[in-house]
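This report describes one protein chain, starting from its interior and ending with its cysteines. Please keep the sequence and the structure in view while reading.

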Amino acid sequence: INAEYGEPSPENNDTIIFIPPPGPAATPEYVQYLLIGAGTSSVSAMRAILKAEPEAEILMIGAEPHGPYMRPPLSKELWFNEDKTETSQLVFKDWSGNKRSLFYPDKLADISELGPGSPALLKGTKVTKLDPTNQKVTLSTGEVIKYGKCLLAPGGQPKSMDSLKPSEKNPCLSTRVHLFRNIAQYQQLSSELNESAKVLVIGGGFVGSELAYAMTRTGAAVYQSFPEGGNMGRVLPKYLSNWTSKQLEAAGVNIRPETKVVSTECTEDGSGVQVQLSTGEEMTVDHILVAVGLEPSTELGDTAGLEVHSEMGGYVVNAELEARSNLFVAGDAACFYDPVLGRRRVEHHDHAVVSGKLAGQNMAGAAQPYHHQSMFWSDLGPNVGYEAIGLVDSSLPTVGIWAHKDTSESEIKTDPAANEKYEQGIVFYMDKNKVVGVLTWNIFGKIPIARQVIAAGDEHQDFGLLAKQFDIYTKH
């Protein structure tokens, strides 16, 4: 061998061939079913497609480096698992004590193994351009894929605030301010909280309240600021919102209702953030968690010519969840028509499951309209939880029926006292004597009944009789 060039020498008849390692698998030029987004909606759609067509060719594309996973436990059960080894593996215990993985169990092959009946995942990749007319997408790698049917399920991004954006004057905000949506954000925040940490949660909705409660488990000093009068104040009637705030305070959360963050400034050494609230109160915290809502990801619509709802956000779809021919939308980014409650956009897990399933069925030719009333739930630890369905809005009049443990009768609450114990009951949200929303408090598994009540559209006067369908006295 010629030592300088590694080539066969004239004196030697032996030939050596160096074979380079295999490169990445080629991206297919065409796929039968393309799923944009690797979340719950896409998993649900994939299952529906495979049920209808077991030999379907399905490619899922996701921006995160992980396979599909459930988001709700990131703000709930994961914080309550005391086994740090399991937590590091993203294993949690549900409230019944059963161990579960955050990741969905569905098998998704590497793109090199994509084929009929063998769905594949292309992770760590973004779709940067969508062309519905020619039925093709462009990837962040520059590659182009044509599709037969496509699901657009990009989810959304957590909103932030102008006063929390890092600047030359306040560079520490880039590491001290946390948004919360994915595994990486959970892992970063949970690793930095301990008994010496001080954290401010901005936002009093589902995620903000769940996380504020959960983070007390770390020993950190937790503060929570929001403009409403009580936790989940946009959903719960005032008395129940105030009662919920008292439960969080009892758990160790320092509630700051009816307040807003006016300004933030890095401490001199950059190890913390000085925060001024609208009440004039000032505090220095190590971390700020922002939980002020979700912005649906609709940037692909800019060049795709898709209609985005001007008020609700999200892609406008027809009753079959179709935005354009052979292009469907599901999950957070779908603005759909509800035959009972009108046009809506829903940001909850159950909607992601159900809309993804219907989109998958319709991609496979079912041609079925969306008529499912999706539900949502929230948990403040293992002892307080609720399930809800329909228009659950605190601006609506409500009728609350609560079980009293010391009596055999329920009581209709029209002007409830703040010192009541709301341990188990049901709240009806009303519009002209019709029930348009139902919330069951520490009562589980009754959503099918609530769905029937809303769909019937009947006028009601005897709510005690109506509540008997929900069995509010049985311990759930």
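## Nonpolar cores

The largest nonpolar core has 96 residues, and those touching the most other members are Leu59, Trp79, Met215 and Leu439. A second core, separate from this one, has 20 residues, among them Ala403, Phe428, Ile447 and Leu466. In soluble globular proteins, nonpolar side chains tend to be buried together. The model discussed here is a predicted one.

Which residues is leucine 439 in contact with, leaving aside its neighbours within four places in sequence? They are Val235, Leu236, Tyr386, Glu387, Ala388, Val392, Gly425, Ile426, Val427 and Tyr429.

## The chain as a whole

The protein chain contains ten helices and 29 strands. Its C-alpha atoms fill a box of roughly 105 × 60 × 40 Å along the principal axes. Of its 476 residues, 50% are buried. Among contacts with a separation of 6 or more, 63% are between residues 24 or more positions apart.

The chain exposes about 22900 Å², of which carbon and sulfur atoms supply 48%. It carries 41 positive and 58 negative charges, and the mean positions of these two sets are 5 Å apart.

## Glutamate 249

Glutamate 249 is part of helix H6, which covers residues 238-251. Is this residue buried or partly exposed? Its relative accessibility is 41%, so glutamate 249 counts as partly exposed; the cut-offs are under 20% for buried and over 50% for exposed. From glutamate 249 to serine 101 there are 148 residues in sequence and 31 Å in space, C-alpha to C-alpha.

## The disulfide

A search of the whole structure finds one disulfide. Cysteine 172 and cysteine 266 form it, with their sulfur atoms 2.1 Å apart. The angle about the S-S bond is -105°, and the link is left-handed.

What does the pair tie together? Cysteine 172 lies in the loop between strand S9 (156-158) and helix H3 (173-176), whereas cysteine 266 lies in strand S14 (residues 261-266), so the disulfide joins parts that are 94 residues apart in sequence. Both cysteine 172 and cysteine 266 are buried.

## Cysteines outside the disulfide

Cysteine 150 is in no disulfide, and the nearest cysteine sulfur, that of cysteine 335, is 19 Å away. A disulfide needs sulfur atoms within 2.5 Å. Cysteine 150 has 0% relative accessibility and therefore counts as buried.

Cysteine 335 is in no disulfide either; its nearest cysteine sulfur belongs to cysteine 150. Cysteine 335 also counts as buried, because its relative accessibility is 0%.

Methods:
Residues numbered from 1 in each chain as written. Predicted model: local features only at pLDDT ≥ 70, side-chain atom pairs only at ≥ 80, totals over all residues. Heavy atoms only, no water. Helix = DSSP H or I, 4+ residues; strand = E, 2+ residues; numbered from the N terminus. Buried < 20%, exposed > 50% of the residue type's maximum accessible area, 1.4 Å probe, protein only. Contact = heavy atoms within 4.5 Å. Areas by Shrake-Rupley, 256 points an atom, 1.4 Å probe, with all protein chains shown as cover. Lys, Arg positive; Asp, Glu negative; His and termini not counted. Charge placed at Lys NZ, Arg CZ, Asp CG, Glu CD. Core = buried A, V, L, I, M, F, W, Y, C linked by side-chain atoms within 4.5 Å.
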